[in-house]
Each structure stands twice: as C-alpha cells, then as structure tokens.
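Visitor: Please take a close look at one part of this structure, the surroundings of the smaller-numbered details aside: the shell around the second ligand. Then work outwards from there to whatever connects with it.

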Amino acid sequence: MAESRRHAEISGGGFAGLTAAAALARMGWSVRVHERAPELRTEGAGIVLWNNSLQVLDKIGAIHDLMSESMTPPAYETRMNNVIQSQETLDGIRWRTLTRPHLYETLLLAAREAGVEVVAGSEVVSATADGHISFASGETAEADLVIGADGVGSAVRDSLGVPLKRERSRDGITRFLVPRRKAELQALEPDTEWDNVIDFWNLDPRVLRVLYTPANDEELYIALMSPAADADGSRVPIDLDLWTSIFPQLAPVLEVAAETPGKYYGYQTTRLDYWTDGKVALIGDAAHAMCPALAQGAGCAMQNAWTLAVAATAAADGELPEALKEWERLERPITDRTQDKSQWYADTREMAKGSQFTGDSVEAALYNPTDPNRHEVH
Ligand code: FAD
Ligand code: 3HM
C-alpha cells in the first residue's frame with residue numbers, strides 16, 4: 001500500500017527542529033531531522049523556560065522528564081553594585097531553570113518516542129519552495145513540508161534568498177555550567193538566598209554583570225556579561241582576578257569557570273522579511289534570533305514549532321503554502337514584539353533597575369500557544 005502520511009524534512013536538530021519534529025510526528029506525519037553535527041548532543045550551559053514553551057513540552061509528552069532535573073527558583077533577584085533592587089517571586093508565571101543538555105535530551109527522547117528519524121552528520125545545503133531539499137552528501141529528498149530550523153546561519157533560509165537585517169548590540173556574554181558550591185557561597189554571604197536567580201549588575205565605573213541561575217540541585221548556570229569593547233571583560237578564558245575583584249562573593253564558582261575555555265557571544269538580532277516560502281517554513285534562530293534579555297529565544301522557537309505543526313496539519317492538500325502564510329501572519333507579531341523588547345533591554349541595560357517581569361516584558365512568558373482560542377478578541 002502506498003504511504004499516505006504526509007512527510008516533513010527538517011534541517012537542524014536543535015531545540016526548534018526537535019520540537020517541530022516531535023509535534024508533527026505526534027500529529028501523524030513521518031518526519032526526518034537532519035543534524036549537521038556528527039553526534040546528537042549539545043554542549044550549552046543553562047536556560048530559562050517560561051509558560052509558552054512549557055505548554056508545548058506538555059503537549060509533546062516531554063514535561064515529566066523536563067521537571068525531573070529542573071527547578072523554579074524562589075525569586076528572580078536583581079542587584080546593582082550588590083544592593084538588592086528587587087526580588088520578583090513571579091507569582092502566576094510558570095517558569096523553570098535547567099541545563100541545556102537536559103532540555104536537549106528531553107526533546108530528543110520525545111522526538112524519538114514519537115517516531116521521528118534523527119540523522120546525525122547530515123548537512124543540508126539548500127531547499128526550494130516546491131519542497132525539495134539537498135544535502136552536502138549530494139543526495140536530495142522531497143517533502144510535503146520543509147522546515148529550516150538550522151539556526152542563525154540557516155542554509156535553508158540563505159538558499160531561498162530571504163532578505164534579512166542583522167543588528168549587533170554593544171554587550172555580550174560568556175556562559176558556564178559549574179557545580180552549585182552552595183555551602184561555600186553561603187559561608188561567604190550567609191544572608192543571601194542562593195537558590196534565587198541573582199542578576200548581579202555593575203554599571204559604574206565599569207559595565208560587568210554576572211547572571212547567577214541555579215539549574216538544579218547540583219548545577220549552576222553563570223553568564224558573565226561585558227561590552228565587546230572591554231578587552232579584559234570579554235576575554236576567554238575569563239580574567240579571574242578582574243571578575244573576583246568585582247564579585248568576591250562568587251569566587252568559588254568563578255574559579256571553576258576560569259578553568260573552562262569559554263566563548264564570548266556578542267548580542268545580536270536577526271529579522272527576516274518573511275518566514276515562509278511555498279512549502280518551506282523557518283523557525284527558531286533561523287527566523288528570529290534575538291538578544292537573550294527576556295530568555296525567550298528558545299521559548300519563541302518552541303512556541304512557533306508547535307503552532308507551525310498545528311497549522312500544517314490542518315492544511316488541506318495543496319493549500320500548505322497559504323496555510324504557512326496565515327501561520328506567520330497570526331503567530332509572528334508576538335515573536336516580533338519579544339525580539340524588539342529583548343533588543344531594547346540589551347541596548348539600554350534597563351534590566352539593571354529590577355522589577356522588570358511585568359507588562360509587555362512577560363507577554364511571551366505568559367502566552368499559551370496550545371490554546372486554540374488564543375487569537376480570539378475578548
Ligand atoms: P540552534 O540552537 O542554533 O540549532 C540549530 C541546529 O541546526 C544546530 O544543532 C546546528 O548544528 C544545526 N544546523 C545548522 N546548520 C545546519 C545545516 N546546514 N544542516 C543541518 N543542520 C544544521 N532562549 C530561551 O528560551 N531561554 C534562555 O534562557 C536563553 N538564554 C540565552 C542566552 C544566551 C547568551 C543566548 C545567546 C541565547 C539564549 N537563548 C535563550 C536563545 C536560545 O539559545 C536560542 O534561541 C535557541 O537555542 C535557538 O534554537 P534553534 O534550534 O533555533 O537553533
Ligand atoms: C536567562 C538569561 N537571561 C538573560 C540573559 C542576558 O541578558 O544575557 C542571558 C540569559 O541566559
């Protein structure tokens with residue numbers, strides 16, 4: 001009997017690609033994910049997820065695994081020159097902190113359990129609007145839906161010639177996963193709640209910031225921010241004397257970070273003229289890479305992966321291109337606003353003032369992309 005299931009080919013096995021794959025497979029599609037890296041694993045540090053992505057994880061059957069090694073810190077604390085500006089308990093907002101390897105393994109498992117084929121060492125070089133995809137190996141394939149989830153340097157996007165604008169901000173960050181060392185931190189600063197996320201800002205006389213994010217009982221995510229123009233602040237491996245002179249209470253964990261090579265990442269934003277072309281849709285950093293201030297790059301990627309899967313599944317045969325356009329029309333505005341706000345925070349450093357998780361800043365954090373009535377006007 002001929003295969004009647006619709007077929008999707010996905011370029012990129014990151015958070016966006018694996019989420020779209022798991023969602024589509026659960027909706028009845030046959031799905032193949034192509035990951036350029038020779039092995040299926042991620043080396044990243046930590047990540048914060050909010051309601052928008054946690055709702056999607058519920059739907060793809062991944063939330064149980066995710067919860068096993070993640071936490072909701074008691075508060076998001078913001079300090080300026082070590083003086084507490086705010087301790088936001090984020091009441092009514094669903095959020096989790098965790099490591100990137102844990103999120104990756106959770107998504108990979110969910111995708112495989114849904115029947116997705118994930119191929120490592122498979123580099124996509126191009127795609128066409130009529131659903132053809134080509135690989136570095138010289139092979140080609142055809143699909144009802146092609147998804148470019150291949151990150152900020154997307155080959156799918158660039159092969160289609162989608163016009164884009166890229167803006168760079170002046171600051172950037174180096175990220176580490178280190179042991180919690182909570183007892184040592186407590187000994188240095190006994191009055192601090194070391195389970196909180198603590199956003200340690202120093203703006204004057206020098207811009208240096210440490211974002212301290214417990215990821216579970218054992219692991220701590222720390223991100224060290226400085227302007228790209230500050231050679232010592234942005235140096236990797238980190239200048240331990242410099243960082244401990246400003247943040248002496250973090251010495252036990254900064255010492256571990258200093259033993260790791262590290263990679264300084266300059267904040268940047270990429271905006272596309274359009275996210276879809278015929279049977280091809282772009283999601284995640286391929287479509288909307290953003291500054292990390294609101295911790296929403298992966299969140300928006302996963303929310304758009306889910307809504308794309310729903311829209312594509314609902315499309316009648318032959319009407320997929322129109323359905324993808326309508327998906328972009330409905331779903332893109334919230335991502336655009338989140339991108340703009342994240343860039344504004346990165347450019348102005350306004351997060352240093354604290355009390356930021358209100359109003360526009362939590363629009364994506366509160367969003368439920370799985371609610372069928374989400375676009376109804378109330
Ligand atoms: P990627 O993670 O880049 O994955 C793309 C995948 O495609 C990779 O595996 C790559 O190897 C593969 N690939 C690339 N090219 C090809 C090809 N030609 N063929 C086949 N495969 C290919 N987001 C949050 O939600 N919360 C946070 O707390 C958060 N913190 C952040 C902190 C920092 C400092 C930064 C920089 C970002 C942060 N983000 C956060 C954003 C988040 O990391 C990204 O938005 C997210 O990882 C994007 O996922 P993706 O799958 O679209 O892209
Ligand atoms: C979670 C998180 N939040 C903010 C930033 C930032 O402003 O660089 C990075 C993060 O990982």
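Guide: The shell around ligand 2 in this predicted model divides into eight nonpolar residues, one charged residue and no polar ones. Its members are V48, I173, R209, L211, Y221, Y267, P292, A293 and A295. At least three of them come from domain 1 (2–72 + 96–166 + 267–366), and at least three from domain 2 (169–263).

Two side chains hold an N or O atom close to an oxygen of the ligand. For R209 the distance from a side-chain N or O atom to an oxygen atom of ligand 2 is 2.9 Å. For Y221 the corresponding distance is 2.6 Å. The backbone takes part as well: an N or O atom of the P292 main chain lies 3.5 Å from a nitrogen atom of ligand 2. On its own, ligand 2 has 300 Å² of accessible area, and the protein covers 92% of this.

One residue of this shell, A295, has a backbone feature to note. Its phi is positive, about 55°, although A295 is not a glycine. A295 sits in the loop between α9 (285–288) and α10. With a relative accessible area of 26%, A295 is partly exposed. A positive phi in a residue other than glycine also occurs at N82, where the angle is near 65°. N82 is placed in the loop between β5 (76–80) and β6 (83–88), and N82 is partly exposed too, with a relative accessible area of 36%.

V48, listed around ligand 2, also appears at ligand 1. The shell of ligand 1 has 31 residues, and E35, V48, R100, V124 and D285 come nearest. By class, this shell has 13 nonpolar, eleven polar and seven charged residues. Domain 1 and domain 2 each supply at least three residues to the shell around ligand 1.

Several secondary-structure elements contribute to the shell of ligand 1. At least two residues come from each of α1 (15–26), β2 (30–35), β3 (46–50), β13 (164–179) and α10 (297–314). The most come from α10, which gives three. Among the polar distances, an N or O atom in the side chain of D285 is 2.7 Å from an oxygen atom of ligand 1. Polar backbone atoms also approach ligand 1: one in A298 is 2.9 Å from an oxygen atom of the ligand, and one in A16 is 3.0 Å from an oxygen atom of the ligand. Taken alone, ligand 1 has 1,000 Å² of accessible area, of which the protein covers 87%.

Back at ligand 2, the strands β15 (208–214) and β16 (219–227) are joined by a loop that holds A215. A215 is buried, with a relative accessible area of 0%. The C-alpha atoms of A215 and V197 are 9.3 Å apart, and the two residues are 18 apart in sequence.

Two cis peptide bonds belong to this account. One joins D204 and P205, with omega about 10°; P205 is found in the loop between β14 (197–202) and β15. Another joins V236 and P237, with omega about -10°, and P237 lies in the loop between β16 and α7 (240–246).

Next come the cysteines. The structure holds zero disulfides. C291 is in none, and the nearest cysteine sulfur, that of C300, is 13 Å away. Seen from C300, the closest cysteine sulfur is that of C291, and the 13 Å between them is too far for a bond, because a disulfide needs the two sulfur atoms within 2.5 Å. Both residues are out of contact with the surface probe: C291 is buried, with a relative accessible area of 0%, and C300 is buried, also at 0%.

Last is helix α2 (residues 51–59), which is mostly covered, with seven of its nine residues buried. The buried residues are N51, N52, S53, L54, Q55, V56 and L57. After α2 comes G61, whose phi is positive, near 75°.

Note on methods
Residues are numbered from 1 along each chain as its sequence is written. Chains are lettered from A and ligands numbered from 1 in the order in which they are written. This is a predicted model: local features need pLDDT of at least 70, side-chain atom pairs count only at pLDDT 80 or more; totals for chains, interfaces and linings use all residues. Side-chain values use heavy atoms; hydrogens and water are left out. Buried means under 20% relative accessible area, exposed over 50%, partly exposed in between (1.4 Å probe, protein chains only). A residue is near a molecule or strand if one of its heavy atoms lies within 4 Å of it. A polar contact is a pair of N or O atoms within 3.5 Å; within protein, one must be able to donate a hydrogen and the other to accept it, and residues adjacent in sequence count only if both atoms are side-chain atoms. Accessible areas come from the Shrake-Rupley method with a 1.4 Å probe; for residues, only the protein chains shown count as cover. Ala, Val, Leu, Ile, Met, Phe, Trp, Tyr, Cys and Pro count as nonpolar, Asp, Glu, Lys and Arg as charged, and the others, Gly among them, as polar. Domain bounds come from an automatic or database domain assignment. Helices (H or I, at least four residues) and strands (E, at least two) are DSSP runs, numbered from the N terminus.
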